[in-house]
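Colleague: Please take one part of this model and examine it closely for a first-year student. I should be grateful if you would then place that part within the rest of the chain.

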Amino acid sequence: MQEKTMSGRPGPAQDEQFQRTLTTSKIVFIIIAAAAPLAAMIFTVPLSFALGTGPGVPAMFLFAGLTLLCFTSGYTAIVRRISSVGGFYSHIAHGLGRPLAAGAGFIAVISYNAATVGVLGAFAYFTQNVADAHGLHLPWVLWASVGMLAIALLGYRDAELSARLLAFCMICEIAILLALDAVVLVRHGAAALPPSVFAPHTVLAPGIGVSVMFGFASFLGFESAALYGEEAKQPRRSVPRAIVIAVLSVAALYAFTSWVAAGALGPEHVRAQATRHLGDLFFGLSNTYLGHPATVIMQILLCTSLFASWLALHNAANRYMYALGRDRLLPGWLHALHPQHRSVHRASLIQTLFSALAVAGFAAAGLDPYVNMSTSMLGLGTLGIIVLQALASLAVWSYFRRRPHHWWHTAIAPVLGALGLIIAAALVMWNYDILTGTTSPAVSALPWILPIAAAAGIAYAYRLRRAHPHRYTHLGGIQPTPSPTTHPSNAPDQARASQPDRHQTIH
């Protein structure tokens with residue numbers, strides 16, 4: 001039997017509902033895992049030291065964190081009203097209209113799938129390197145295949161199992177970073193935290209655009225908490241709290257660890273040391289301050305960090321495909337839950353197939369899993385997700401401007417967040433060759449996929465409005481309230497903001 005929503009329309013049948021098992025802490029672990037804190041420190045911070053502002057990098061992490069807190073301030077407000085597996089897609093529908101939401105939905109599917117493949121490549125590459133260093137010589141394709149099998153099995157199950165594994169991975173990788181920070185602080189005292197890294201001439205040094213870009217890229221995935229709204233025990237409380245906790249935790253960890261690293265290297269030597277060592281910079285610090293056994297552990301945890309990020313992004317991509325399948329923007333058979341595990345198993349299988357084809361294609365072409373596959377796909381995914389965040393900020397402002405709202409949370413903060421994110425997107429485009437590590441014309445052309453996908457989604461939405469008005473009115477999980485004199489095909493998009501997602505009842 002079907003439930004009834006507040007609008008009187010049939011709600012989801014019982015066999016179409018998720019199990020509500022996720023708590024705030026579990027969602028926090030899922031979304032911090034997507035950011036891969038250890039991997040971000042090992043790879044992003046040295047690049048930002050070398051190519052960006054040098055010792056001014058900690059301030060750039062704080063700037064990115066403050067901008068994303070502005071975004072979060074408004075985003076959590078709309079999440080409390082609209083809790084849906086559609087994430088950005090649903091919120092943009094309610095705030096900016098169905099056509100733009102359809103375009104954003106296509107961008108989300110492409111971006112999260114690309115980011116997933118990008119992290120897959122990084123996992124395969126660095127797992128191969130770590131194994132080689134310890135005498136186990138296997139090709140990267142084999143490591144990718146082993147990882148895909150594990151991801152496929154976990155993605156086929158419910159999010160609860162993934163959350164438990166991700167919690168363990170996150171605790172371990174954060175612990176090793178804090179251990180390094182603690183030993184540096186004990187050995188150097190106050191000198192480990194040089195105040196000069198926040199001096200205006202340091203923060204505003206040449207390369208600031210690169211450091212800002214890497215700062216935002218390091219937060220990849222925190223916004224995916226909203227995708228678990230239909231799997232959370234208390235979505236109106238746990239999802240907003242998880243987003244805020246994740247942003248604060250990640251910003252504090254990145255800023256503090258990069259600050260301590262600058263102190264350990266010496267602010268005046270940071271750029272030169274990072275340029276010389278790059279990806280080995282933190283392993284060198286670990287050898288010096290923690291010893292070789294701890295460095296080996298850090299190398300292993302780097303692989304688990306990338307695996308955890310891969311799993312988190314895989315689950316996010318699955319839920320976007322599930323949501324768009326529910327609204328028939330993608331094939332409807334993607335909108336299905338496993339009868340036992342209550343997981344988005346079909347979307348998970350499709351994502352795994354996409355990843356397998358990508359691995360096969362890059363391997364057949366003799367391309368490098370990191371230099372070619374990881375950097376190009378992560379660059380595309382990062383740009384797309386930042387664009388989605390900017391659109392979501394504007395959607396929050398639009399959604400609340402005709403409703404009672406708090407002047408800061410739903411008006412000023414979303415606008416500030418949108419401005420910061422638009423700047424971040426422009427910086428990513430301007431420095432795309434630095435982010436991807438290549439000047440290949442094929443890679444440089446990848447960002448054009450995003451506006452093409454958006455245009456296709458918008459055009460398809462308008463086609464639905466003409467040919468299938470009933471399907472159009474429900475895009476983004478909107479429950480329209482047609483007036484007696486208004487045909488559903490002409491129902492104004494203003495209705496988008498007045499109703500909850502059709503898979504939940506809002507009181």
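**A glycine and its surroundings**

Modeller: Gly-420 is buried, because its relative accessible area is 8%. Here buried means under 20% relative accessible area, exposed means over 50%, and partly exposed lies in between, with a 1.4 Å probe and protein chains only. The model is predicted, so local features need pLDDT of at least 70 and side-chain atom pairs count only at pLDDT 80 or more, whereas totals for chains, interfaces and linings use all residues. Residues are numbered from 1 along each chain as its sequence is written, and side-chain values use heavy atoms, with hydrogens and water left out.

Gly-420 belongs to helix α16, which covers residues 408-430. Helices (H or I, at least four residues) and strands (E, at least two) are DSSP runs, numbered from the N terminus. Apart from residues up to four places away in sequence, Gly-420 touches Thr-67 and Phe-216, where contact means heavy atoms within 4.5 Å. Phe-216 is 204 residues away from Gly-420 in sequence, yet their C-alpha atoms are 9.9 Å apart.

A second residue to consider is Ser-393, which lies in helix α15 (residues 369-400). Ser-393 counts as buried because its relative accessibility is 1%. With neighbours within four places in sequence set aside, Ser-393 is in contact with Phe-71, Pro-414, Gly-417, Ala-418 and Leu-421.

Helix α15 also leads us to the largest pocket, which holds about 870 Å³ of space. A pocket is found on a 1 Å grid over the protein atoms alone, as an open set of points where a 1.4 Å probe fits, with protein on both sides within 12 Å along at least five of seven lines; lining residues have an atom within 4 Å of a point. Grid points are joined across faces, edges and corners, and the volume is the space filled by probe spheres set on the points. The lining of the largest pocket has 37 residues, and Ala-39, Phe-43, Thr-44, Tyr-370 and Leu-378 lie nearest the centre. Two or more lining residues come from each of α1 (24-35), α2 (37-51), α5 (98-133), α9 (208-217), α13 (292-326), α15 and α17 (432-436). Helix α15 gives the largest share of this lining, seven residues. By type, the lining divides into 24 nonpolar residues, 12 polar and one charged. In this scheme Ala, Val, Leu, Ile, Met, Phe, Trp, Tyr, Cys and Pro are nonpolar, Asp, Glu, Lys and Arg are charged, and the others, Gly among them, are polar.

We turn next to helix α3, which has 25 residues (57-81). At 1.5 Å a residue this helix should span 36 Å, and its end C-alpha atoms are 36 Å apart, which agrees; the expected span is 1.5 Å times one less than the number of residues. Because 19 of the 25 residues of α3 are buried, this helix is largely enclosed by the rest of the structure.

Helix α4 (residues 88-96) is mostly covered, with eight of its nine residues buried. Among those buried residues are Phe-88, Tyr-89 and His-91. The buried residues of α4 pack against α3, α5, α13 and α15. Gly-97 follows α4 and has a positive phi, near 110°.

Pro-240 lies in helix α10 (residues 235-265) and is buried, because its relative accessibility is 1%. Leaving out neighbours within four places in sequence, Pro-240 is in contact with Thr-76, Val-79, Arg-80 and Pro-235. Pro-240 and Val-79 are 161 residues apart along the chain, while 6.6 Å separates their C-alpha atoms.

Two loop residues complete the local view. Most residues other than glycine have a negative phi. Leu-278, although not a glycine, has a positive phi of about 45°. Its place is the loop between α11 (270-277) and α12 (281-289), and Leu-278 counts as partly exposed because its relative accessibility is 34%. Arg-328 also has a positive phi, near 65°. It is found in the loop between α13 and α14 (345-364), and its relative accessible area of 38% makes it partly exposed.

Finally, the whole chain may be described. The protein chain has 20 helices and two strands, and 61% of its 507 residues are buried. Of the contacts with a separation of 6 or more, 81% join residues 24 or more positions apart.
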